[in-house]
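Take a look at the fold below. The report that follows covers selected residues, the core and several helices.

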Amino acid sequence: MNKISPRLTLFALAINAFAIGSTEFISVGLLPMIVKSFNISLSQAGLTVSLYALGVTIGAPLLTILTGKWSRHSLILGIMTLFIIGNLLAAFAPFFAILLLGRILAALTHGIFMSISTVIAADVVEPSRRASAIAIMFTGLTVATITGVPLGTFIGQQTSWNMSFIFIATVGLIGLIADYFLIPKSLPIPGKVDLHGFIRIFTNKPLVLSFLITAFGYGGTFAAYTYLSPLLEGVGFSANAIVIILVIYGVMVAIGNTLGGRFANTNPLNSLIKMFELLMTTLLFLFVAVLANNGILTLLASILLGLFAFMNVPGLQLYVVQLAEKYVPNDITLASALNIAAFNIGITLGSFIGSSVTDTLSVIYTPLFGAIVVIIAIVLILFIRNDRQSVSDVIPEENK
């Protein structure tokens, strides 16, 4: 019988999430360097974010299907091994296309890891603490934005962007070692994924709506966040100052993620609409600040963006798990994977919108269009709150 404490298991998951979170967003701080190194446009460099997200989108459900019979312990070890290979390939890429290939390989591991780790995190604690447990696991992502991304950016500035990916591969190796010792070998194996689960999930209106809310609500941020470094440069901040701002941004992300987990424990849907309203307002504030070329206001808006950008993550994931437990109890892992895919569809969508806006208008307008995307999520929640089927088992009667 496994004696590993749930706290240690969550800690191991958080370490891996830290490695994965560092590589997911590392190119945000490296975009100016990648542009110069490969002599490409800013929007082309943005592919390092959007194609990564697309790789997660494809990898999450596909690898969930292919690895259903694998031991969870062995699977996570395999995931992190491929993760290391992908980042080393990116580090030594002689051409931009090879860099993108390395990003995609790393992204495939991201999707399957986040989907299975979310289920593990929710299962190892009592029901009343499930959102908080998911938040602990996602803390690895938030700590990555505090230290991983700024440190990787700093390393790239002091040496080269290549060294940043070597740094990420090293963090992945630490995660691999943590997995070996701290992830239980006796975790339940889901078994072969029933492909009819896709039909059951995608014919369930509440689940489909929840995926759309995830994609639009989470993705709106990335129209602006992908280009945060150029936005800050545009109002006069130096490269060294941007590293410090990214650290502050990451601290606010950690605070927001923790608060979001606590707020969503009892009533995720009602909490989400408030979080999205705050996020929309912040994106509009950032747009006005950049448009006015005001460095102080842009700094304040960036810090607030960190607070609200990922606050919604635990609630979005918990809401989907709750719906899956009610409507498709045999497909919870698959539903979780599809919601991870929805997160990254949102990143792809937001990054693509940001790229298009940068090419056709100006990078200044990316926060405005990000706010518009978040508004769509707000509208969807307002719709779903009036749908009794969608909320009947996840919102207390007195709050409906």
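Which residues does Arg-103 touch, not counting residues up to four places away in sequence? Arg-103 touches Thr-23, Glu-24, Ile-26, Ser-27, Thr-48, Tyr-52 and Phe-165. Contact here means heavy atoms within 4.5 Å.

This is a predicted model, in which local features need pLDDT of at least 70, side-chain atom pairs count only at pLDDT 80 or more, and totals for chains, interfaces and linings use all residues. Residues are numbered from 1 along each chain as its sequence is written, and side-chain values use heavy atoms, with hydrogens and water left out.

**Three residues**

Arg-103 sits in helix 5 (residues 96-123). Helices are DSSP runs of H or I with at least four residues, numbered from the N terminus. Arg-103 has 2% relative accessibility and therefore counts as buried. Buried means under 20% relative accessible area, exposed over 50%, and partly exposed in between, with a 1.4 Å probe and protein chains only.

Phe-222 belongs to helix 10 (residues 222-225). At 0% relative accessibility, Phe-222 is buried. Leaving out residues up to four places away in sequence, Phe-222 touches Phe-25, Phe-310, Ile-347, Gly-350 and Ser-351. Phe-222 and Ala-121 are 101 residues apart along the chain, and their C-alpha atoms are separated by 26 Å.

Tyr-180 lies in helix 7 (residues 161-182). Its relative accessibility is 45%, so Tyr-180 counts as partly exposed. Tyr-180 touches His-73, Leu-77 and Lys-185, again not counting residues up to four places away in sequence. Ile-15 is 165 residues from Tyr-180 in sequence but 12 Å away in space, C-alpha to C-alpha.

**The core**

The largest nonpolar core has 117 residues. Such a core is a set of buried Ala, Val, Leu, Ile, Met, Phe, Trp, Tyr and Cys residues joined through side-chain atoms within 4.5 Å. Leu-13, Ile-34, Leu-99, Tyr-218 and Phe-276 have the most contacts inside it. Helix 1 (residues 6-38) gives the largest share of this core, 15 residues. Neighbours within four places in sequence aside, Ile-34 is in contact with Ser-27, Asn-39, Ile-40, Ala-45, Thr-48, Phe-96, Leu-99 and Trp-161.

**Helix lengths and burial**

The expected span of a helix is 1.5 Å times one less than its number of residues. The table sets that span beside the distance between end C-alpha atoms.

| Helix | Residues in helix | Expected span | End C-alpha distance |
|---|---|---|---|
| Helix 13 | 24 residues | 34 Å | 34 Å |
| Helix 16 | 29 residues | 42 Å | 41 Å |
| Helix 17 | 20 residues | 28 Å | 29 Å |

In helix 16, 21 of the 29 residues are buried, so this helix is largely enclosed by the rest of the structure. The buried residues of helix 17 include Thr-366, Pro-367, Gly-370 and Ile-384.

**Helix 12 against helix 13**

The axes of helix 12 (residues 239-264) and helix 13 (residues 268-291) come within 8 Å and cross at roughly 140°. Axes are lines fitted to C-alpha atoms over the stretch in contact, and angles run from 0 to 180 degrees between N-to-C directions. The two helices are therefore oblique to each other. Angles under 35 degrees count as roughly parallel, over 145 as roughly antiparallel, 65 to 115 as roughly perpendicular and the rest as oblique. Helix 12 contributes Gly-260, Phe-263 and Ala-264 to the contact, and helix 13 contributes Pro-268, Ser-271 and Met-275. After helix 13 comes Asn-293, with a positive phi near 55°.
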